Amino acid sequence: MEDKLPVMECITLVDEHDKEYEYLVLNRLSVGGKRYLALAAANDKSGVQPGEDFVPDEDITVVREFGEGDALSYGAVTDADELYAVARELEAMYGHLEDDPQG
């Protein structure tokens, strides 16, 4: 029997200069009634071989989700208090974020 690799959800984000960035969706979460995605850069240089577990680097990117169904869009979280609230939720899930959002 062939081992099946887990299916990981990926997303492509495009910046204001039309440059594309690939991310793995670590988690979808709701904080304060707003929806967010916790993302890890999908780096094909990671050296991960088929059958190995993917381990994201320590940087987690957070974007806010807008819209419904086929009309979804994503945007940067620019408000410090909003970002810190999401960071606290992620800390509870992943346990490696710093307490000070200013680094």
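1. Two strands count as paired here if DSSP finds at least two bridges between them. With that in hand, strand 2 and strand 3 of this predicted model pair in the antiparallel sense over eight bridges. One point along this pairing is arginine 28, whose bridge partner in strand 3 is leucine 37. The hairpin joining the two strands has two residues between them, and glycine 32 takes a positive phi near 60 degrees there.

2. Now for the overall layout. The protein chain holds one helix and five strands, and from the N terminus on its elements run β-β-β-β-β-α. The five strands form an open sheet in the order 1-2-3-4-5, with antiparallel pairing. At the edges are strand 1 (10–14) and strand 5 (73–76), each of which pairs on one side only. From one strand to the next, the twist averages 50 degrees.

3. Helix 1 (residues 80–94) packs on this sheet, where it touches strand 2, strand 3 (34–41) and strand 4 (61–66). Do have a look at the crossing angle: the direction of helix 1 makes about 85 degrees with that of strand 2.

4. Back at the N-terminal side of the sheet, strand 1 and strand 2 (residues 20–31) pair in the antiparallel sense over five bridges. Two of the residue pairs are easy to find on screen: isoleucine 11 has tyrosine 23 as its bridge partner in strand 2, and threonine 12 has glutamate 22.

5. The hairpin of strand 1 and strand 2 has five residues between the strands, and aspartate 18 takes a positive phi near 60 degrees in it. Lysine 19 is also found in the loop between these strands. Is lysine 19 buried or partly exposed? Its relative accessibility is 47%, and the partly exposed class lies between 20% and 50%, so lysine 19 counts as partly exposed. Leaving aside neighbours within four places in sequence, lysine 19 is in contact with Leu13 and Val14.

6. My favourite spot to inspect is glutamate 65, which lies in strand 4. Why does glutamate 65 count as buried? Its relative accessible area is 11%, and buried means under 20%, so glutamate 65 falls in that class.

7. Which side chains make polar contacts with the side chain of glutamate 65? One is that of arginine 28, at 2.9 Å, and another is that of arginine 35, at 2.8 Å. Arginine 28 is thus worth a second look, as the residue whose bridge partner in strand 3 is leucine 37. Leaving aside neighbours within four places in sequence, the contacts of glutamate 65 are Arg28, Arg35, Tyr36, Leu37, Leu72, Ser73 and Tyr74. Both members of the arginine 28 and leucine 37 bridge pair appear in that list.

8. Finally, some figures for the protein chain as a whole. Buried residues make up 21% of its 103 residues. The chain exposes about 7,900 Å², and carbon and sulfur atoms supply 48% of that area. Among contacts between residues at least 6 apart in sequence, 42% join residues at least 24 apart.

Notes: Residues numbered from 1 in each chain as written. Predicted model: local features only at pLDDT ≥ 70, side-chain atom pairs only at ≥ 80, totals over all residues. Heavy atoms only, no water. Helix = DSSP H or I, 4+ residues; strand = E, 2+ residues; numbered from the N terminus. Axes fitted to C-alpha atoms, helices over the stretch in contact; angles between N-to-C directions. Contact = heavy atoms within 4.5 Å. Buried < 20%, exposed > 50% of the residue type's maximum accessible area, 1.4 Å probe, protein only. Polar contact = N/O pair within 3.5 Å; in protein donor to acceptor, adjacent residues only side chain to side chain. Areas by Shrake-Rupley, 256 points an atom, 1.4 Å probe, with all protein chains shown as cover.
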